[in-house]
Amino acid sequence: MSNTLTHILKNECPNCHKGKVFKDKNIFLNFGFPKMNESCSHCHYTFQKEPGYFFGAMYVNYGLTVAQAIATYCIAQFFFEKTFDLRIIPIIAGVIISFSFFNLRFSRLLWIYMFKNYSS
Ligand SMILES: [Zn+2]
């Protein structure tokens with residue numbers, strides 16, 4: 001399991017773990033829309049199996065964003081006197097925006113890995 005997570009975070013092909021899914025070298029510090037390879041350069045595994053395949057990755061992205069917002073709230077509340085201080089909201093917004101580019105890539109990688117054994 002942790003091995004799979006390592007492959008996902010290294011942006012590796014789910015089939016051979018040698019080719020790259022995204023053309024970007026680093027999925028952590030990359031801003032802008034992701035540029036994906038259509039298939040693996042090593043084993044020719046097709047990443048987008050059908051049109052609209054990554055529509056489902058949007059839900060994964062949403063789940064990641066909500067989890068990060070809740071985690072940010074849980075950490076930030078210790079620095080304020082009231083349980084729900086309105087000054088936490090811009091902090092949560094800042095965290096969500098700064099993680100959005102990573103989430104976009106990470107959710108697509110998770111989606112590819114979830115359905116890697118599914119044959120169309
Ligand atoms: Zn491959």
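User: In this predicted model, what arrangement do the 4 donor atoms around the zinc ion form?

Analyst: The angles that the 4 donor atoms subtend at the zinc ion run from 105 to 112 degrees. Four donors count as tetrahedral if all angles lie between 85 and 135 degrees. The arrangement is therefore tetrahedral.

User: Which residues coordinate the zinc ion, and how are the donor residues spaced in sequence?

Analyst: Coordination is through SG atoms at 2.2 to 2.3 Å, and the residues are C13, C16, C40 and C43. Their spacing in sequence is C-x2-C-x23-C-x2-C.

User: How many residues apart in sequence are the parts that C13 and C40 tie together?

Analyst: C13 lies in the loop between α1 and α2 (57-76), and C40 is in the loop between α1 and α2. The pair therefore ties together parts whose separation in sequence is 27 residues.

User: Why do α1 and α3 count as oblique to each other?

Analyst: The axes of helix α1 (residues 2-9) and helix α3 (residues 88-114) come within 10 Å and cross at roughly 130 degrees. Roughly perpendicular covers 65 to 115 degrees, and roughly antiparallel applies over 145. The pair is therefore oblique.

User: Which residues of α1 and α3 make the contact, and how many of the residues are charged?

Analyst: From α1 come T4, L5, H7, I8 and L9, and from α3 come F102, F106, L109, L110 and Y113. By class, 8 are nonpolar and 2 polar, and the number charged is zero: no charged residues.

User: What is the handedness of the crossing of α2 and α3?

Analyst: α2 and α3 have axes 7 Å apart and pack at an angle of about 145 degrees. Their contact has 17 nonpolar, 6 polar and 1 charged residues. The crossing is right-handed.

Methods. Residues are numbered from 1 along each chain as its sequence is written. This is a predicted model: local features need pLDDT of at least 70, side-chain atom pairs count only at pLDDT 80 or more; totals for chains, interfaces and linings use all residues. Side-chain values use heavy atoms; hydrogens and water are left out. Axes are lines fitted to C-alpha atoms, for helices over the stretch in contact, and angles run from 0 to 180 degrees between N-to-C directions. Helices (H or I, at least four residues) and strands (E, at least two) are DSSP runs, numbered from the N terminus. Angles under 35 degrees count as roughly parallel, over 145 as roughly antiparallel, 65 to 115 as roughly perpendicular and the rest as oblique. Contact means heavy atoms within 4.5 Å. Ala, Val, Leu, Ile, Met, Phe, Trp, Tyr, Cys and Pro count as nonpolar, Asp, Glu, Lys and Arg as charged, and the others, Gly among them, as polar. Donors are N, O and S atoms within 2.8 Å of the metal (3.2 Å for Na, K and Ca); water is not among the atoms, so sites may look incomplete. Four donors count as tetrahedral if all angles lie between 85 and 135 degrees; four count as square planar and six as octahedral if opposite donors are over 155 degrees apart and all others between 65 and 115; anything else is irregular. A crossing is left-handed if the near helix is turned anticlockwise from the far one by less than a right angle, and right-handed if clockwise.
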